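Dear colleague,

Please find below the structure I am handing over to you. My notes on its sheet and its core follow.

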Amino acid sequence: MRGLPDAMVQISSAAGQAFALSVTTDSAGRFSFAEVPVGTYLLGFFHPKLDSLALTTQTLRVDVR
């Protein structure tokens, strides 16, 4: 159970507003988003290793307050 380095993490508005950001995880699998406005978002993770193993990830709903 270790973090996944170099994964792409995307956040976008769940309400259909024009807001989306992407970041890449660091060597320990950590990531952060700066300046996300209050609202409800969808968060997804993508990495070639997951694709090659035919693994899918869940899109998460995140409420920023």
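Two strands are taken to pair if DSSP finds at least two bridges between them. Strand 3 and strand 4 pair in this sense, antiparallel and over five bridges. Please note that the model is a predicted one.

The pairing of strand 3 and strand 4 includes glycine 39, whose bridge partner in strand 4 is valine 64. Strand 3, residues 39-46, is also joined to strand 1, residues 8-13, by six bridges, and these two strands run antiparallel. Here tyrosine 41 of strand 3 stands opposite serine 13.

Taken as a whole, the sheet is open and consists of four strands in the order 2-1-3-4, with antiparallel pairing. Strand 2 (20-24) and strand 4 (60-64) each have a single partner strand and stand at the edges, so one side of each is left without a neighbour in the sheet. From one strand to the next, the twist averages 25°.

I turn now to the core. The largest nonpolar core is made up of six residues, namely Val9, Ile11, Val23, Val36, Tyr41 and Leu43. Strand 1 and strand 3 are the elements that give two or more residues to this core. In soluble globular proteins, nonpolar side chains tend to be buried together.

Which residues is isoleucine 11 in contact with, leaving aside its neighbours within four places in sequence? They are Phe19, Ala20, Leu21, Phe33, Val36, Tyr41, Leu42 and Leu43. Among these contacts of isoleucine 11, Val36, Tyr41 and Leu43 also belong to the largest nonpolar core.

With kind regards

Technical notes: Residues are numbered from 1 along each chain as its sequence is written. This is a predicted model: local features need pLDDT of at least 70, side-chain atom pairs count only at pLDDT 80 or more; totals for chains, interfaces and linings use all residues. Side-chain values use heavy atoms; hydrogens and water are left out. Axes are lines fitted to C-alpha atoms, for helices over the stretch in contact, and angles run from 0 to 180 degrees between N-to-C directions. A nonpolar core is a set of buried Ala, Val, Leu, Ile, Met, Phe, Trp, Tyr and Cys residues joined through side-chain atoms within 4.5 Å. Buried means under 20% relative accessible area, exposed over 50%, partly exposed in between (1.4 Å probe, protein chains only). Contact means heavy atoms within 4.5 Å.
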